[in-house]
Amino acid sequence: MELRERLDNQWTESAQDWIETDQAVRTGMLDRWMLSALGDVHAKTVIDIGCGEGRFSRLLSRLGATVTGVDITEALIARARALASEGETYLIGNAENLHGIADARFDLAVSYIVLVDLLDYRRAIGEAYRVLRPGGRLVVCNIHPMRSASLHNGWIRQGDKKLFYPLDDYTDEGPREWLWWGRPFINMHRTLAAYISAFLDAGFALRGLHEPTPSDEELAANPGFDDEFRAPNFIIYILEKPTY
Ligand SMILES: C[S@@+](CC[C@H](N)C(=O)[O-])C[C@H]1O[C@@H](n2cnc3c(N)ncnc32)[C@H](O)[C@@H]1O
């Protein structure tokens with residue numbers, strides 16, 4: 001099967017697993033970083049691009065935002081619609097072509113671990129730019145490029161002990177196949193420079209860059225999060241569409 005077809009469809013067969021999966025790393029650490037990066041969302045219009053089954057969209061909605069979630073996977077959008085409250089709209093769509101969504105329509109855009117799923121990430125970044133109003137902010141969380149380079153290898157272990165996380169083939173951008181829920185899954189790897197260049201080329205200003213780590217309380221609740229001090233799993237880019 002073509003890479004494009006695999007990327008566009010792989011979430012369909014994994015939709016139920018995703019719905020049931022443990023979201024501890026998001027709820028227990030990343031959400032805090034994402035909410036801080038977004039700032040006050042009350043009365044803001046937000047597009048959640050690659051919203052999945054809508055967990056983070058619902059959280060933003062509860063905080064007073066009006067949210068439009070877009071995702072390519074029909075089963076996930078069906079789930080999001082089933083759980084939606086007033087102020088939440090869910091659309092089946094492709095992050096690489098948000099056709100039907102007007103220019104400059106949103107105050108904020110969110111991409112919560114989605115860019116690794118996309119073939120044409122530059123086009124998707126351009127689309128996020130297009131639908132944001134001038135002065136609007138895009139907050140992107142992604143798998144850290146140091147991890148996505150070697151996702152298929154995982155930690156090198158000695159018994160239960162994690163010795164180190166191998167970084168290899170960093171400049172070799174492209175698909176990485178690994179096993180998720182027992183089936184082959186593809187994530188796209190690109191370098192840090194590739195992502196930052198794509199944001200800047202689209203017209204965004206980079207306002208912040210974070211490599212999330214747990215607070216003491218978060219670490220006490222989830223001791224496994226100590227990984228993040230050794231080999232960061234995630235990266236958050238805070239981007240702004242200029243007003244000029
Ligand atoms: C890791 S999940 C993240 C879901 C959600 N953002 C969250 O944090 O819970 C990646 C999501 O990207 C979606 N996706 C993959 N390719 C896409 C595309 N081309 N356009 C829109 N969504 C896409 C998948 O369907 C899946 O819901």
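A residue is near a molecule if its C-beta atom, placed from the backbone, lies within 6 Å of it. The exercises below concern a predicted model.

**Exercise 1. The ligand shell**

Task: State how many residues surround the ligand and which of them come nearest, and divide the shell by residue character.

Solution. Step one is the count: 18 residues are found around the ligand. Step two picks out the nearest, namely Trp11, Gly50, Gly52, Thr73 and Ala95. Step three sorts the shell by character, giving ten nonpolar, four polar and four charged residues.

**Exercise 2. The chain as a whole**

Task: Determine the number of helices and strands, and decide whether the chain is as compact as a globular protein of its length or not.

Solution. The secondary structure consists of nine helices and eleven strands. The radius of gyration is 17 Å, and the globule rule gives 18 Å for 244 residues; the two values are close, so the chain is as compact as a globular protein of that length. The C-alpha trace extends over about 50 × 40 × 35 Å along the principal axes. Buried residues make up 37% of the 244. Of the contacts between residues at least 6 apart in sequence, 66% link residues at least 24 apart.

**Exercise 3. Two packed helices**

Task: Describe how helix α1 packs with helix α4, and name the residues that make the contact.

Solution. Helix α1 covers residues 3-20 and helix α4 covers residues 74-83. Their axes lie 8 Å apart, at an angle of about 35 degrees. From α1, the contact draws on Trp11, Thr12, Ala15, Trp18 and Ile19; from α4, on Ala75, Leu76 and Arg79. By character, these residues comprise six nonpolar, one polar and one charged. Trp11 of α1 also belongs to the residues that come nearest the ligand.

**Exercise 4. A hairpin**

Task: Establish how strands β8 and β9 run and how many bridges join them.

Solution. Strand β8 (residues 174-180) and strand β9 (residues 183-189) are antiparallel and are joined by seven bridges. Within this pairing, arginine 176 is opposite asparagine 187 of β9. Two residues lie between the strands of the hairpin, where tryptophan 181 has a positive phi near 50 degrees.

**Exercise 5. Aspartate 168**

Task: Locate aspartate 168 and decide whether it is buried or exposed.

Solution. Aspartate 168 sits in the loop between β7 (161-164) and β8. A residue counts as exposed if 12 or fewer other C-beta atoms lie within 10 Å of its own. Aspartate 168 has 8 and is therefore exposed. Beyond its neighbours within four places in sequence, aspartate 168 contacts Ala149 and Ser150. Arginine 147 is 21 residues away from aspartate 168 in sequence, with 9.5 Å between their C-alpha atoms.

Definitions and conventions: Residues numbered from 1 in each chain as written. Predicted model: local features only at pLDDT ≥ 70, side-chain atom pairs only at ≥ 80, totals over all residues. Pairing = 2+ DSSP bridges. Helix = DSSP H or I, 4+ residues; strand = E, 2+ residues; numbered from the N terminus. Nonpolar A, V, L, I, M, F, W, Y, C, P; charged D, E, K, R; others polar. Rg over C-alpha atoms; globule rule 2.2 N^0.38 Å. Buried ≥ 20, exposed ≤ 12 C-beta atoms within 10 Å, placed from the backbone. Contact = placed C-beta atoms within 7 Å. Axes fitted to C-alpha atoms, helices over the stretch in contact; angles between N-to-C directions.
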